[in-house]
Amino acid sequence: MSFDITDMEPNEVSINLKLFQQFRFFHLFNPKTKKFCNFNVYHLALYIINCVIGCTIIIGLMSYFTLEDDTLNIADDVQSMFCCLLYIVCLIKMTSITYKANIIWKLLHVTSIRFLTSTQCQKHVGILKKYRQRSIKITNYISVFSIITTIQWCFFPLALMLLQKEDANQSNRRFENIFNFRFPVTTVYYNNNYFIFYFIEVSIIMILLYTHILSDIFFISLCYVMIAQFKMIKRAYENVNSELNSENNSENKNDNNVNDCFDDLVSIMEDQQKQIAMLKLFHITYKFIILSNVVSYSGSIIILTYAFAVIFTSSESLPMFSTIRLISSFGNVIVVLLIFCHLLERINNNMKFVHFGMYSSNWTSMNLRSKKMLLLSMQLNNANELMIKITPKKIVDPQFFSSVIITCYNILSAMLNISSK
């Protein structure tokens, strides 16, 4: 029987299956999803939505190339640039996910509780269940944090409009909006039809929220699955043949234990091969997405921090709502980037720790055939050093995160020095 995650119960899968089913995220990958002209209907919907958003953003930026009757400030520019970065990453994520939908559907096989079938690995399935709970908790925190940040971006402009309505009309200034796109219309027309432009920007931020949250928590869930299953393989190697220490030295019992040990090693090695094959699919699917995330989040850190520096050093008064909005966005970007780097390092480390699990096994009590099998497993593990790298020597990990932050603030310092002259 072929694997179909949609037919499985939530407790049979090591990710938050209900969440992804409720938000129709699995329909992007499921080959049984309805098709129109041989295209997945959800793929077509995403393509159309992304085209509409892209055209809207382009129209919203057109006034930067024309003369306007109101003034621009750094806060307006920052919010527009931040939205453009989010949209570019959203486009890259959705294009990559839809293009590699078949690969991701195969990759989802790794989320099954019964993916590792060996007896020794199944003894430690509690590790996978523990990491499942941890991933659900982390992804819920990230989702709530992102939703709160989005709510702030949506409702603060309305509060500012009510507080500053008379001042804006008197100074010929446009009302504050979510991203402050400079649509090619007059200030009077914009203010009179403010809610039309407001709902346009609300629809954009909701699509961006949906894309970013679901793709990020899906990636984080897969990372936790990979970490847990490499730990299970490590524990399986550590405990294989351990019962020999407590057995009698009779010849018949030793023969039985030696045979059982060899069979266990073969089954664990088969699980190890399956896990490495899934890790390759994981890297194929997410390498470009992770690299684009690093670039875009780095750009967001630079943009948001530059806005802080310019606004706080400006003689103009700073609205409290804008400050809270920028702080929450900055915190969200930093946290997500740090989690990405941390989880990728955990995957790399746990894959290496499998090797130490082999050394920690009771290999001295094995016969020659079992020792050769264990040595073959070590060679297999050494031959598959799969890591997501920026350069041949630069791995995505917390050390890379710190170098990204240092680089961002070096660029920021240069920008501030240029602007102060």
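**Notes on the predicted model: burial, cavities and aromatic groups**

1. Let me start at Phe400: with a relative accessibility of 8%, Phe400 counts as buried. Phe400 belongs to helix H12, which covers residues 398–420. For a partner distant along the chain, look at Cys341: Phe400 and Cys341 are 59 residues apart in sequence, and their C-alpha atoms are separated by 7.5 Å. Please keep in mind as you read on that this is a predicted model.

2. Now the chain as a whole. The protein chain has twelve helices and four strands. Of its 421 residues, 52% are buried. If you take the contacts with a separation of 6 or more, 80% of them are between residues 24 or more positions apart.

3. Next, the empty space inside. A search of the whole structure turns up four cavities of 30 Å³ or more, and the largest cavity has a volume of about 340 Å³. There are 19 residues in the lining of the largest cavity, and those nearest its centre are Leu86, Ser146, Thr150, His212 and Asn332. Four helices each give two or more residues to this lining: H3 (74–99), H6 (125–170), H8 (194–239) and H10 (320–360). The largest share is that of H8, with six residues.

4. What classes of residue line the largest cavity? The lining has twelve nonpolar residues, six polar ones and one charged residue. If you would like to colour the lining in your viewer, Ser146 and His212 are among the residues nearest the centre and make a handy starting place.

5. The loop between H6 and H7 is worth a visit, and Asn177 is one of the residues found there. Is Asn177 buried or exposed? Its relative accessibility is 0%, so Asn177 counts as buried. Leaving aside residues up to four places away in sequence, Asn177 touches Gln79, Pro157, Tyr190, Tyr194, Phe197, Tyr198, Glu201 and Arg325. Asn177 also lies 8.5 Å from Phe156, C-alpha to C-alpha, with their positions 21 residues apart in sequence.

6. Asn180 is placed in the loop between H6 and helix H7 (187–192) as well. Here is a detail of the backbone to check: Asn180 is not a glycine, yet its phi is positive, at about 55°. As background, most residues other than glycine have a negative phi. Asn180 is buried too, with a relative accessible area of 4%.

7. From Asn177 you can step across to one of the residues it touches, Tyr194. Tyr194 lies in helix H8 and is buried, with a relative accessible area of 2%. Besides Asn177, the contacts of Tyr194 include Pro157, Leu158, Met161, Phe175 and Glu176, again not counting residues up to four places away in sequence. The C-alpha atoms of Tyr194 and Glu176 are 9.4 Å apart in space, and the two residues are 18 apart in sequence.

8. Tyr194 brings us to the aromatic side chains. Which residues form one aromatic cluster together with Tyr194? They are Trp153, Phe175, Phe179, Phe181, Phe183, Tyr189, Tyr190, Phe195, Phe197, Tyr198 and Phe199. Several of these names came up earlier: Tyr190, Phe197 and Tyr198 are among the residues that Asn177 touches, and Phe175 is one of the contacts of Tyr194.

9. The count of aromatic pairs comes to 21. One of them joins Phe20 and Phe25 in a tilted arrangement, with 5.8 Å from centre to centre and 40° between the planes. Phe20 and Phe25 are both buried.

10. Two rings have a charge over them that you may like to display. Arg134 lies over the face of Tyr131, 4.6 Å from the ring centre. Over the ring of Phe115 sits the charged end of Lys274, at 5.1 Å from its centre.

11. Finally, have a look at Ala101, which is found in helix H4, residues 101–107. Why does Ala101 count as buried? Its relative accessible area is 6%, and buried means under 20%. Apart from residues up to four places away in sequence, Ala101 touches Leu28, Phe29 and His43. Ala101 and His43 are 58 residues apart along the chain, with their C-alpha atoms separated by 9.6 Å.

Key:
Residues numbered from 1 in each chain as written. Predicted model: local features only at pLDDT ≥ 70, side-chain atom pairs only at ≥ 80, totals over all residues. Heavy atoms only, no water. 1 Å grid on protein atoms, 1.4 Å probe; cavity = no way out; pocket = protein on both sides within 12 Å on 5 of 7 lines; lining within 4 Å. Points joined across faces, edges and corners; volume = space filled by probe spheres on them. Nonpolar A, V, L, I, M, F, W, Y, C, P; charged D, E, K, R; others polar. Phe/Tyr/Trp six-rings, centres within 6.5 Å; stacked < 30°, edge-to-face > 60°. Buried < 20%, exposed > 50% of the residue type's maximum accessible area, 1.4 Å probe, protein only. Lys NZ or Arg CZ within 6 Å of the ring centre and 35° of its normal. Contact = heavy atoms within 4.5 Å.
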